[in-house]
Amino acid sequence: MPVKGKIIYSFGPYKNTKLNVVNFQSGIEIKADRGEPIRAVFDGQILYASWFKGYGNMVIIDHGEHYYTVYAHIEEVKTISQNSSISI
């Protein structure tokens, strides 16, 4: 996992009981302690590393062949910049 924590929302369809509809969660959400370090899940190119409305501090990594990871609601983005490569 990219961060030590607990998965609070899993990937896939889920029932929204408030609206009585089935929605689709296109990723997972992990609840982590404040300040917990985040690690890339695989090597890639950083496409975006800044604040984004609705997501707070966010990092998008392109892993190639149409695979991307998005890390959002990050307390602080440091030591990375856009167009940088990242290795694990």
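Here are some questions and answers about a predicted model of a protein.

Q: How many helices and how many strands does the protein have?
A: Let's start with the order of the elements. From the N terminus on, they run β-β-β-β-β-β-β-β. So, with runs counted by DSSP, the tally for the protein is zero helices and eight strands.

Q: How many bridges join β5 to β6?
A: Strand β5 covers residues 44-52, and strand β6 covers residues 56-64. The two run antiparallel, and Tyr-48 stands opposite Ile-60 in β6. The number of bridges joining them is seven.

Q: Which residue in the turn between β5 and β6 has a positive phi?
A: β5 and β6 form a hairpin, with three residues between the strands. One residue in that turn has a positive phi of about 90°. That residue is Gly-54.

Q: Which residue in β7 stands opposite Ile-61?
A: Strand β7 takes in residues 67-74, and β6 pairs with β7 in the antiparallel sense over six bridges. This hairpin has two residues between the strands, and Glu-65 takes a positive phi near 50° there. As for the partner of Ile-61 in β7, look for Thr-69.

Q: Is Gln-25 buried or exposed?
A: First, find Gln-25 in strand β3, residues 21-25. Leaving aside neighbours within four places in sequence, Gln-25 is in contact with Tyr-9, Ser-10, Phe-11, Gly-12 and Tyr-14. Its relative accessible area is 17%. Buried means under 20%, so Gln-25 counts as buried.

Q: Why does Gly-27 count as partly exposed?
A: Gly-27 lies in the loop between β3 and β4. Leaving aside neighbours within four places in sequence, Gly-27 is in contact with Tyr-9, Ser-10 and Phe-11. Partly exposed is what falls between the buried cut-off of 20% and the exposed cut-off of 50%. Gly-27 fits there because its relative accessible area is 24%.

Q: How many Å apart in space are Gly-27 and Thr-69, C-alpha to C-alpha?
A: You've met both residues already: Gly-27 sits in the loop between β3 and β4, while Thr-69 is in β7. In sequence they are 42 residues apart. In space, C-alpha to C-alpha, the distance is 9.1 Å.

Q: What percentage of the accessible surface belongs to carbon and sulfur atoms?
A: Let's zoom out to the whole protein. Of its 88 residues, 19% count as buried. The accessible surface comes to about 7000 Å². The share of that surface belonging to carbon and sulfur atoms is 53%.

Definitions and conventions
Residues numbered from 1 in each chain as written. Predicted model: local features only at pLDDT ≥ 70, side-chain atom pairs only at ≥ 80, totals over all residues. Heavy atoms only, no water. Pairing = 2+ DSSP bridges. Helix = DSSP H or I, 4+ residues; strand = E, 2+ residues; numbered from the N terminus. Buried < 20%, exposed > 50% of the residue type's maximum accessible area, 1.4 Å probe, protein only. Contact = heavy atoms within 4.5 Å. Areas by Shrake-Rupley, 256 points an atom, 1.4 Å probe, with all protein chains shown as cover.
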